[in-house]
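The following exercises ask the reader to work from the sequence and the structure together. Each task is followed by a solution in steps.

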Amino acid sequence: RKPNLEAMEGENVVVSKNKRHRKDKPWDHEGIDHWAIPKCGKDENPTGLVDESSFAVLFPKYREKYLRESWPLITRSLKEVGVRCELNLVEGSMSVFTTRKTFDPYIIIKARDLIKLLSRSVPAPQALKVLEDEVNCDIIKIGGLIRNTDKFVKRRQRLIGPNGSTLKALELLTNCYVMVQGNTVAAMGSYKGLKIVRRIVEDCIKNVHPIFHIKELMIKRELEKDERLKHESWDRFLPKFKKKNVQRKKPKVVRQKKEYTPFPPAQTPSKIDLQIESGEYFLNQKQKQAKSFEEKQERQARRSEENKRKREESFKPPSGSEERRAADSSSSKKAKGGENLTDIVDSLKKKSNSSPGLSTQSGSDDVSKYFTDGKVKKSKKDKKDKKKKKKDEAKVSTTEERRADSYALP
């Protein structure tokens, strides 16, 4: 409100030069809402506009089919507000023009926003809402905020969320329609909501997760319901997120920077240069063949030695095998009780002598019949085989002597 200068004259209050000649405005009072958008009807501008205004927007090839189908609906809606539209499929452009029937001078800006939204894959029924006075649009360009393409794709997907859950939560909290398409984000809603959406989208591409902003918006929505907190600061209720400085993983191999030299590196020697250094270049054909043959022989000898060594390794006993064999032989000699064979024989002899009832014809020879020092009685069949073998050997020897006599010289 401007100061009441008439009331201040009697009080002799010092007034600055800027406000000395100001007067009260009877049409300006506290009951007026300065933020309210007044509606513009045909009665306010019956004569129309002085000159024609026009805007044109290009659209991608894949939108041609959809625009051709929905163009009658768009034409009908723009005709109601006195705006003419054209669809040029040859050039791939949409154009809007004011006519003599246009009464609202700002409607051409709204029509321009409409064709912009249509070219960015917003459905026609949703895009036509921008013609209303309460609805505005904002197209946020996110393609140039980050250079790395992989990071850009991941962060754009982060804005959408799993099954579009993050985007849906953003729409509910800001009362705006949000559409992510390519390198742009199209938003529709009130000025307040569009301002919040732009901040969240740009922060998301700059690596600030949208969930932090969503939490803050949810808390603010609850605080708005409380009348006592209407004129107080909400800073004590809002969460304060600290930035974590996550250190990057150090590379395993650290490359040391080479010292700068203005001279180019030395040229790598060619095959002929290497032959001249080794002296092979000056050899004749026979000498070259002889040298290659010697190298081939050396390679073959080396390979044969390696193969021989590999074969011998398979016949080598494993480590500790001799100790195991010695332990097995000692255990086989001992019986189950841990006594030797001779000790068992002696104990049996003592038992037989101590018992008077057990008297046999052979006496002590009975025990030796069952326990012997490894000597087994030969059967009759073995004796016959041995005699037959001796006879055969004798026959062979006699035949060899006769042959030797026949071949002997006279």
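**Exercise 1.** Determine how many bridges join strand 4 to strand 6, and in which sense the two strands run. Then describe the sheet to which they belong.

*Solution.* The model is a predicted one.

Step 1. Strand 4 and strand 6 run antiparallel and are joined by 6 bridges. Within this pairing, Asp138 stands opposite Ala187 in strand 6.

Step 2. On strand 5, the partner is again strand 6 (residues 184-189), with antiparallel pairing over 5 bridges. Here Tyr177 has Met188 in strand 6 as its bridge partner.

Step 3. Together, the 3 strands form an open, antiparallel sheet in the order 4-6-5. Strand 4 (136-141) and strand 5 stand at the edges with a single partner strand each, so one side of each has no neighbour in the sheet. On average, neighbouring strands of this sheet are turned by 15 degrees against each other, direction ignored.

Step 4. Helix 7 (residues 191-205) packs on this sheet and touches strand 4, strand 5 and strand 6. The direction of helix 7 makes about 10 degrees with that of strand 4.

**Exercise 2.** Which residues of strand 5 form its covered face, and which its uncovered face? State also how strand 5 is connected to strand 6.

*Solution.* Step 1. In a regular strand, side chains alternate between the two faces of the sheet.

Step 2. In strand 5 (residues 177-181), Val178 and Val180 make up the covered face. The uncovered face consists of Tyr177, Met179 and Gln181.

Step 3. Strand 5 and strand 6 form a hairpin, with 2 residues between them. In the turn, Gly182 has a positive phi of about 65 degrees.

**Exercise 3.** Classify the packing of helix 6 against helix 8, and list the residues that meet.

*Solution.* Step 1. Helix 6 (residues 165-174) and helix 8 (residues 210-224) pack at an angle of about 30 degrees, and their axes are 10 Å apart.

Step 2. Angles under 35 degrees count as roughly parallel. Helix 6 and helix 8 are therefore roughly parallel to each other. Their crossing is left-handed.

Step 3. From helix 6, the residues Thr166, Ala169, Leu172, Leu173 and Thr174 meet Pro210, Ile214, Leu217, Met218 and Arg221 of helix 8. The residues of this contact divide into 7 nonpolar, 2 polar and 1 charged.

Step 4. The buried residues of helix 6 are Thr166, Leu167, Leu170, Glu171, Leu173 and Thr174. These buried residues pack against helix 5 (149-160), strand 5, helix 7 and helix 8.

**Exercise 4.** At what angle do helix 5 and helix 6 pack, and which residues take part in the contact?

*Solution.* Step 1. Helix 5 and helix 6 pack at about 55 degrees, with their axes 5 Å apart. This angle makes helix 5 oblique to helix 6.

Step 2. Arg158, Leu159 and Ile160 in helix 5 meet Ser165, Thr166 and Leu167 in helix 6. The contact residues divide into 3 nonpolar, 2 polar and 1 charged.

**Exercise 5.** Locate Asn163 and Asn207, and state whether each counts as exposed or partly exposed.

*Solution.* Step 1. Most residues other than glycine have a negative phi. Asn163, although not a glycine, has a positive phi of about 55 degrees. For Asn207, likewise not a glycine, phi is positive at about 75 degrees.

Step 2. Asn163 lies in the loop between helix 5 and helix 6, and Asn207 in the loop between helix 7 and helix 8.

Step 3. Over 50% relative accessible area, a residue is exposed; between 20% and that value, it is partly exposed. Asn163 has 86% relative accessibility and therefore counts as exposed. Asn207, at 45%, counts as partly exposed.

Step 4. A further positive phi, of about 55 degrees, is found at Asn175, just after helix 6.

**Exercise 6.** Describe the sheet that contains strands 1, 2 and 3.

*Solution.* Step 1. These 3 strands form an open sheet in the order 1-3-2, with antiparallel pairing. Strand 1 and strand 2 (83-88) stand at the edges, each with a single partner strand, so one side of each is left without a neighbour in the sheet.

Step 2. Strand 2 pairs with strand 3 (residues 93-98) over 6 bridges in the antiparallel sense. The bridge partner of Val83 in strand 3 is Thr98.

Step 3. Helix 2 (residues 64-80) packs on the sheet, where it touches strand 2 and strand 3.

How values were computed. Residues numbered from 1 in each chain as written. Predicted model: local features only at pLDDT ≥ 70, side-chain atom pairs only at ≥ 80, totals over all residues. Heavy atoms only, no water. Buried < 20%, exposed > 50% of the residue type's maximum accessible area, 1.4 Å probe, protein only. Helix = DSSP H or I, 4+ residues; strand = E, 2+ residues; numbered from the N terminus. Pairing = 2+ DSSP bridges. Axes fitted to C-alpha atoms, helices over the stretch in contact; angles between N-to-C directions. Contact = heavy atoms within 4.5 Å. Parallel < 35°, antiparallel > 145°, perpendicular 65-115°, else oblique. Left-handed = near helix turned anticlockwise from the far one by under 90°. Nonpolar A, V, L, I, M, F, W, Y, C, P; charged D, E, K, R; others polar.
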